[in-house]
Amino acid sequence: MSRRIGRLAALVLTASLFPLLASNTSAHERGTGGTHAGLDVPAVSHGEMAVLSDYRSGIIELASRAVDTNEPFRRVLNYAEIQYSYCVWGRMPGSVKDEESPFNECAHAYLAATKAVLLSMREMPREATAAGEIISAIDADMVRRGLALITCQFSGEAFNTADIVKPNWSKVPLHPASMASLTGVAALFGLAVLALGRVLRPTAQSSE
């Protein structure tokens with residue numbers, strides 16, 4: 001039983017660290033379906049990202065409830081949500097604000113799509129008012145925080161709904177905050193498996 005638990009713990013740890021083990025040395029990682037047959041998504045600046053990330057959940061919630069939608073809108077919204085999941089749901093430290101983060105480019109992608117979704121809703125009769133209020137709040141926040149002119153290496157990069165941007169896993173070991181976060185997750189998985197093993201062990205022994 002203990003050997004089985006040990007093997008399970010090893011498998012969990014390996015699975016949690018698999019993206020690091022499978023990393024390559026490319027400058028950034030794109031999905032294999034990058035044919036650019038999808039829809040173009042305009043770039044978002046580094047300064048905009050810092051504010052858009054605070055409003056992302058509200059924008060996506062409003063967009064998800066939208067009634068008078070069209071196919072391009074739904075595709076960009078779907079892309080925004082897919083990119084968000086590829087970017088570990090925005091949970092990695094520094095992914096939005098740190099230009100050196102291995103997750104910064106994929107954060108640009110999902111926030112660029114989020115911005116495109118928000119701007120599209122200005123033209124929708126039922127969502128226009130709420131979208132306009134969010135846009136005004138974002139503009140005010142950017143002015144207040146002096147973020148309008150802040151750019152980074154990805155600020156001029158446009159995206160495409162057919163081209164998934166993945167985190168740059170090869171740079172994770174060189175980014176202390178990302179490495180510490182992933183190592184912590186792996187350790188928690190391992191501890192959870194070991195704790196589960198201790199709970200199940202008396203049951204297994206009593207049945208023998």
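This passage describes the main nonpolar core of a predicted model and two buried residues, N104 and E48. In this predicted model, local features require pLDDT of at least 70 and side-chain atom pairs count only at pLDDT 80 or more, while totals for chains, interfaces and linings use all residues. Residues are numbered from 1 along each chain as its sequence is written, and side-chain values use heavy atoms, with hydrogens and water left out.

The largest nonpolar core holds 44 residues. Such a core is a set of buried Ala, Val, Leu, Ile, Met, Phe, Trp, Tyr and Cys residues joined through side-chain atoms within 4.5 Å. Buried means under 20% relative accessible area (1.4 Å probe, protein chains only). I59, F73, Y79, V117, L118, M121 and I138 touch the most other members. Two or more residues each come from α3 (46–65), α4 (71–86), α5 and α6 (128–145). Helices are DSSP runs of H or I, at least four residues, numbered from the N terminus. Helix α5 gives the largest share, ten residues. Beyond four places in sequence, I59 touches L52, T114, V117, L118, M121, I134 and I138; contact means heavy atoms within 4.5 Å.

N104 lies in helix α5 (residues 104–120). Its relative accessible area is 0%. A polar side-chain atom of N104 lies 3.3 Å from the backbone oxygen of V96. Outside four places in sequence, the contacts of N104 include H46, M49, C152 and F154.

E48 sits in helix α3. E48 is buried, at 17%. Its side chain makes a polar contact with that of K115 at 2.7 Å. A polar contact is a pair of N or O atoms within 3.5 Å; within protein, one must be able to donate a hydrogen and the other to accept it, and residues adjacent in sequence count only if both atoms are side-chain atoms. Leaving out residues up to four places away, E48 touches K115 and M142.

Key:
Buried means under 20% relative accessible area, exposed over 50%, partly exposed in between (1.4 Å probe, protein chains only).
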